[in-house]
Each structure stands twice: as C-alpha cells, then as structure tokens.
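Trainee: I have a chain open on my screen and would like to go through its residues with you. Could we take the topics one at a time?

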Amino acid sequence: MKLAQAYLNGKIDRFEIMKLAEVLSDLNKKALYASFEQIDFTCESQFNVLQTKRIKKKEVLQYFSLLLAAVYAVTNRRLASIFLNHYLACQNNTEFFKFLPKSKRKPFIMACGGLSGSGKSRVAREIAPHIASPFGAIVIRDDIVRKQLAGVDFDTTLDERYYTLENERLVYKEMRRQAKQAILAGYPVILDALFYNVKEREKAEALALKLEVPFEAFWMEAPLAERASRVETRLNNPSDVKKSSELLVQLSQDVGLINWRHIDTSGEKDDTLKKVSVFLKRYLR
C-alpha cells in the first residue's frame, strides 16, 4: 500500500508520519535513500522502505525536500509540517534548509510557554502548519533538544541529572542556536518550552530583537486537574513528565512576572487555536 492510498484509507496519522521521518533519517545518515514510490505500508502501522542505494549527502537532502513536497501533495499541510519538523529533530542538519522552497514572508519567532500539561506543545504543533511559509513554521521543542544533547532516542526517559540548572541553560541555548539558523534560512520559528525562568523568556525576546524579526509570545494555562489528566494520558510523547505528582514540583517554582499573552487551553483544541490565531493573523496563510 503506497503512502497516498494509506492516507486515504485512514491508515496513517501523525505518529506514522513521525515513524517514517525517523526511518528516513536513519537512512539519510548513512547516505542512503528510498524512492517515494517504494515506501510500502504493509498494514495499519507497519511499513517497509525498499531498495535503498548510496548517494551523496547533498543528494540525500535534496531528495528529502522532494519527498516532503510529495507528502504535502498526497496528505495535507498538517502531516507535511509534522514530517518536516520530526525529520529536523532527528537530523538537526542546517544544510537541509538550502533545499527547501524559500518563504516569501519575513520570518518571525513565536514563543509558546507554560508548565507541563498546559497544552503548549499541542498548540505549537497545530498552529505550525498554518504559518505562512512553504511548509509552515519550524517547531523547536525543549524536550526534543534535551534528548538531542543527551544523545538518546526521543522515547528514552531522562533522570534528574538532565534537569539541573546548568543543563537547562544548555538546552535553551541550543534552542536559540537552532532558531537562529532557521530564521537566517528564512523560516519562521516556534519555541516550545516551559520558559519558567524569566531570564530565558528575556533571552528569547532578545534573540528576535538581534535578528530584527517580530516576536510573539504566549503563556498557556489550564487548571491543575486538567493538566494532570493530560500528563497521565500521554502517549508517544518525548516529555519526561508523565505523572501528575511531578506537576507539584513545578508549582513550587517561581516563574516571576509573565508579561506574555495568557491563553486558557482548558476548552476544545479548536477554540484554543482560535484564541492564538487572533494574535497571529498577519502571519497565517
């Protein structure tokens, strides 16, 4: 079953697109590639990539840009955005931007903060495809970057050693580095992180000022019971916070004065996106 047919038959969703990005990332790290027509979905959640061959690294990146366009064409903007962002999370290869269509709009930085379970990552993921650029915005998430720096898979649970103040400083620094690369390539960026530290919020805004691009910042909020329910039911999520008891630790932290736009995410997903979209009208398709 080819990708287009699998999508039309309802046998592929964002998790399958992420799996596909991971498989292709592994192939591309070895300078291999597979034809788009050779991606075969054998059943609901399994697929085989057939007949790979060795090519130059530059050709790998060029090939993936074409594959991304194909995913966009046969599925939808949302899955193409997820495909791109998960591939970049696996690769973190800035050369890839050279092979993407250039955006006709000036890039900007959007910061999406909030404590665990506040819905910030969902908002970032769902709003990204609607940002006016060829494949939407590049989402840079703290949970992903933390595991990039640790050199582990996204489903690996990190212990407290990776949550020291020093390590968190490195995570945010790396997020800003990746954001700068995307902005210089002409792509808008969404920084998805806790942002509980006022200095990190200030540094995010300072980065936008330095790069001379607009800065939009949101702070996601929801009642503790709602956040606890979301955390306890997480699936295929790179966050290490999966127990409601861990939320109490965050509540003890002093987040300081938050002058970002506060968004209540306790309602339906579409209602939350509408609230955010009101402030992003000039950046949307």
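Trainee: Let's start with M175: is M175 buried or exposed?
Mentor: Keep in mind while we talk that this is a predicted model. M175 counts as buried, because its relative accessibility is 2%, and the cut-off for that class is under 20%.

Trainee: Where does M175 lie?
Mentor: M175 belongs to helix 7, which covers residues 165–184. Its C-alpha atom is separated by 7.4 Å from that of L191, a residue 16 positions apart from M175 along the chain.

Trainee: K173 is in helix 7 too. How does K173 count in terms of accessibility?
Mentor: K173 counts as partly exposed, because its relative accessibility is 49%, and exposed would require over 50%. In space, the C-alpha atoms of K173 and K203 are 9.1 Å apart, with the two positions 30 residues apart in sequence.

Trainee: Switching to charges, how many salt bridges are there?
Mentor: The count comes to 15 salt bridges. One of them joins the side chains of K19 and E16, with an N to O distance of 3.4 Å.

Trainee: Why are K19 and E16 about one helical turn apart?
Mentor: That follows from their spacing, because K19 and E16 are three residues apart in helix 2. As for accessibility, K19 is partly exposed, with a relative accessible area of 36%, whereas E16 is buried, with a relative accessible area of 7%.

Trainee: Okay, and which residue forms a salt bridge with R141?
Mentor: R141 pairs with D192, and their closest N and O atoms are 3.8 Å apart. This pair links distant parts of the chain, since R141 sits in strand 6 (residues 138–141) and D192 in strand 7, 51 residues apart. Both R141 and D192 are buried.

Trainee: What about E216, which residue does E216 form a salt bridge with?
Mentor: The partner of E216 is R282, and the closest N and O atoms of the two are 3.4 Å apart. E216 lies in strand 8 (residues 215–221) and R282 in the segment after helix 11 (269–278), so this pair ties together parts that are 66 residues apart in sequence. E216 counts as buried, at 8% relative accessibility, whereas R282 is exposed, with a relative accessible area of 57%.

Trainee: Which residues do salt bridges that share partners join into one network?
Mentor: The network is made of R141, D143, R146, E168 and D192, and it therefore takes in the R141 and D192 pair we discussed above.

Trainee: New topic, the second largest pocket: how much space lies in it?
Mentor: The second largest pocket holds about 580 Å³ of space. Its lining is made of 25 residues, and E22, H86, D153, F154 and D155 are those that lie nearest its centre.

Trainee: Which helices each supply at least two residues of that lining?
Mentor: Helix 2 (14–29), helix 4 (77–91) and helix 6 (142–150) do so, and helix 2 gives the most, with seven residues. By residue class, the lining of the second largest pocket divides into eight nonpolar, nine polar and eight charged residues.

Trainee: Now the backbone: what is phi of F195 near?
Mentor: Phi of F195 is near 50°, which is a positive value in a residue other than glycine. Most residues other than glycine have a negative phi. F195 is found in the loop between strand 7 (189–192) and helix 8 (198–211), and F195 counts as buried, at 2% relative accessibility.

Trainee: And N236, what is its phi near, and is N236 buried or exposed?
Mentor: Phi of N236 is also positive, near 50°. N236 lies in the loop between helix 9 (224–232) and helix 10 (245–251), and N236 is exposed, because its relative accessible area is 57%, where the class asks for over 50%.

Trainee: Last one: which residues form a nonpolar patch on the surface?
Mentor: L224, L248 and L251 form the patch, and together they have about 270 Å² of accessible area. L224 has its place in helix 9 and is partly exposed, with a relative accessible area of 38%, and residues of a patch need over 30%.

Note on methods: Residues are numbered from 1 along each chain as its sequence is written. This is a predicted model: local features need pLDDT of at least 70, side-chain atom pairs count only at pLDDT 80 or more; totals for chains, interfaces and linings use all residues. Side-chain values use heavy atoms; hydrogens and water are left out. Helices (H or I, at least four residues) and strands (E, at least two) are DSSP runs, numbered from the N terminus. Buried means under 20% relative accessible area, exposed over 50%, partly exposed in between (1.4 Å probe, protein chains only). Patches are made of residues with over 30% relative accessible area and no salt bridge: like charges are joined within 9 Å, nonpolar side chains (Val, Leu, Ile, Met, Phe, Trp, Tyr) within 5 Å. Accessible areas come from the Shrake-Rupley method with a 1.4 Å probe; for residues, only the protein chains shown count as cover. A salt bridge is a side-chain nitrogen of Lys or Arg within 4 Å of a carboxyl oxygen of Asp or Glu. On a 1 Å grid over the protein atoms alone, a cavity is a set of points where a 1.4 Å probe fits but cannot get out, and a pocket is an open set with protein on both sides within 12 Å along at least five of seven lines; lining residues have an atom within 4 Å of a point. Grid points are joined across faces, edges and corners, and a volume is the space filled by probe spheres set on the points. Ala, Val, Leu, Ile, Met, Phe, Trp, Tyr, Cys and Pro count as nonpolar, Asp, Glu, Lys and Arg as charged, and the others, Gly among them, as polar.
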